[in-house]
Amino acid sequence: EKHLMAHTLPALPYAYNALEPFIDELTMQIHHDKHHQAYVTNLNNALANVPELAEKSLESLLRDIASVPDSIRTAVRNNGGGHHNHTMFWEIMAPGGRGEPTGALAEAIASAFGSFADFKAKVTQNGVTRFGSGWSWLVVDGNHKLAVYSTANQDSPLMDGHTPLLGIDVWEHAYYLKYQNRRPDYLAAWWSTVNWDEIAKRFASALA
Ligand code: MN
């Protein structure tokens with residue numbers, strides 16, 4: 001049996017308890033080891049039915065989701081989106097995350113949204129008001145401009161022609177153990193986990 005190139009779960013880049021007290025250890029463990037793993041497994045299972053897609057990168061599958069065959073498009077959308085979104089989510093957080101961006105990213109945020117505080121309020125509001133499950137995003141759009149919006153389920157900004165820089169998971173599995181129904185409290189705490197250096201790197205490469 002020929003083994004197809006499979007997508008794999010990346011290791012969490014820090015300990016499960018590293019984001020305490022903002023995100024608790026058990027949530028991180030279940031979120032990474034169970035939820036993210038399930039997206040990877042289900043993506044691989046879907047792609048096994050369409051071997052000609054095996055060599056395509058996840059990013060190109062999502063950017064060109066319309067060309068994925070009908071038979072597996074929903075599975076790739078949900079599980080490929082879930083894999084890509086979570087891989088980024090772990091990387092844009094870090095223990096001892098700093099409160100604010102610096103340099104070119106800080107200037108671009110101020111110019112697009114008025115101030116860092118206004119930007120943060122918009123992204124928070126988009127997360128609070130996303131009905132059901134989804135993500136609140138900062139993206140670089142097709143015109144190389146910063147934009148904020150939210151998506152449902154595991155839909156990726158790549159499917160809309162954008163490049164995601166920051167995404168906040170607002171699925172209940174991301175916060176319910178610690179925050180229960182208080183999504184706004186989770187969102188307020190989340191800003192203390194942000195790895196702005198990683199986001200600045202993604203901003204630079206999106207513009208390159
Ligand atoms: Mn999640």
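**Helix 8, the manganese site and their surroundings**

Guide: In this predicted model, the buried residues of helix 8 pack against helix 3, helix 4 (103–113), helix 5 (116–129), strand 1 (134–140), strand 2 (146–152) and strand 3 (163–169).

Visitor: Which residues of helix 8 are the buried ones?

Guide: In helix 8 the buried residues are Trp 196, Glu 198, Ile 199, Arg 202, Phe 203 and Ala 206. Around the axis they cover an arc of only 155°, which places them on the same side of helix 8. Lys 201 and Ser 205, on the other side of helix 8, are exposed.

Visitor: How do you know that the length of helix 8 agrees with what should be expected at 1.5 Å a residue?

Guide: Helix 8 runs over residues 196–207, and its 12 residues should span 16 Å at 1.5 Å a residue. The expected span is 1.5 Å times one less than the number of residues. The C-alpha atoms at the ends of helix 8 are 16 Å apart, so the two values agree.

Visitor: What makes the buried residues of helix 4 line one face?

Guide: The residues in question are Leu 105, Ala 108, Ile 109 and Phe 113, which are buried in helix 4. Looking down the axis of helix 4, one finds these buried residues within an arc of 100°, and therefore they line one face of the helix. The face turned away from that buried side carries Ala 104, Glu 107 and Ser 111, which are exposed. Among the elements that cover the buried residues of helix 4 are helix 5, strand 1, strand 2 and helix 8. After helix 4 comes Gly 114, whose phi is positive, near 95°.

Visitor: Which residues coordinate the manganese ion?

Guide: The manganese ion is coordinated by His 31 (NE2), His 86 (NE2), Asp 169 (OD) and His 173 (NE2), at 1.9 to 2.1 Å. An atom counts as a donor within 2.8 Å of the metal, and the distances of 1.9 to 2.1 Å meet that limit. Along the chain, the donors follow the spacing H-x54-H-x82-D-x3-H. His 31 belongs to helix 1 (residues 25–47) and His 86 to helix 3 (residues 70–91), so this pair ties together parts that are 55 residues apart in sequence.

Visitor: Why are His 31 and His 86 called buried?

Guide: The word buried applies under 20% relative accessible area. His 31 has a relative accessible area of 1%, and so it counts as buried; His 86, with 0%, is therefore buried as well.

Visitor: What lines the largest pocket?

Guide: The lining of the largest pocket includes Glu 59, Arg 63, His 84, Thr 87, Met 88, Glu 91 and Arg 202, and the pocket holds about 160 Å³ of space. Helix 2 (58–63), helix 3, strand 3 and helix 8 each supply at least two residues of this lining, and the largest share, four residues, comes from helix 3.

Visitor: Why does His 84 count as buried or exposed?

Guide: His 84, found in helix 3, has a relative accessibility of 17%, and because buried means under 20%, His 84 counts as buried. Not counting residues up to four places away in sequence, His 84 touches Leu 58, Leu 62, Ser 156, Leu 158 and Pro 164. His 84 and His 36 are 48 residues apart in sequence, and their C-alpha atoms are 9.5 Å apart in space.

Visitor: Why is Glu 25 called partly exposed?

Guide: Partly exposed lies between the limit for buried, under 20%, and that for exposed, over 50%. Glu 25, which lies in helix 1, has a relative accessible area of 34%, and so it is partly exposed. Leaving aside neighbours within four places in sequence, Glu 25 is in contact with Tyr 16, Asn 17 and Glu 20. A cis peptide bond, with omega about 0°, joins Glu 20 and Pro 21, and Pro 21 is found in the segment before helix 1.

Visitor: Where does His 144 lie, and what is its phi?

Guide: His 144 is in the loop between strand 1 and strand 2, and its phi is near 65°, a positive value in a residue other than glycine. At 46% relative accessibility, His 144 falls between the limits of 20% and 50%, and therefore counts as partly exposed.

Visitor: How do you know that Gln 180 is partly exposed?

Guide: Gln 180 lies in the loop between helix 6 (176–179) and helix 7 (183–190). Its relative accessibility is 31%, between 20% and 50%, so Gln 180 counts as partly exposed. Phi of Gln 180 is near 50°, a positive value in a residue other than glycine.

Conventions:
Residues are numbered from 1 along each chain as its sequence is written. This is a predicted model: local features need pLDDT of at least 70, side-chain atom pairs count only at pLDDT 80 or more; totals for chains, interfaces and linings use all residues. Side-chain values use heavy atoms; hydrogens and water are left out. Donors are N, O and S atoms within 2.8 Å of the metal (3.2 Å for Na, K and Ca); water is not among the atoms, so sites may look incomplete. Buried means under 20% relative accessible area, exposed over 50%, partly exposed in between (1.4 Å probe, protein chains only). The arc is that of the directions from the helix axis to the C-beta atoms. Contact means heavy atoms within 4.5 Å. On a 1 Å grid over the protein atoms alone, a cavity is a set of points where a 1.4 Å probe fits but cannot get out, and a pocket is an open set with protein on both sides within 12 Å along at least five of seven lines; lining residues have an atom within 4 Å of a point. Grid points are joined across faces, edges and corners, and a volume is the space filled by probe spheres set on the points.
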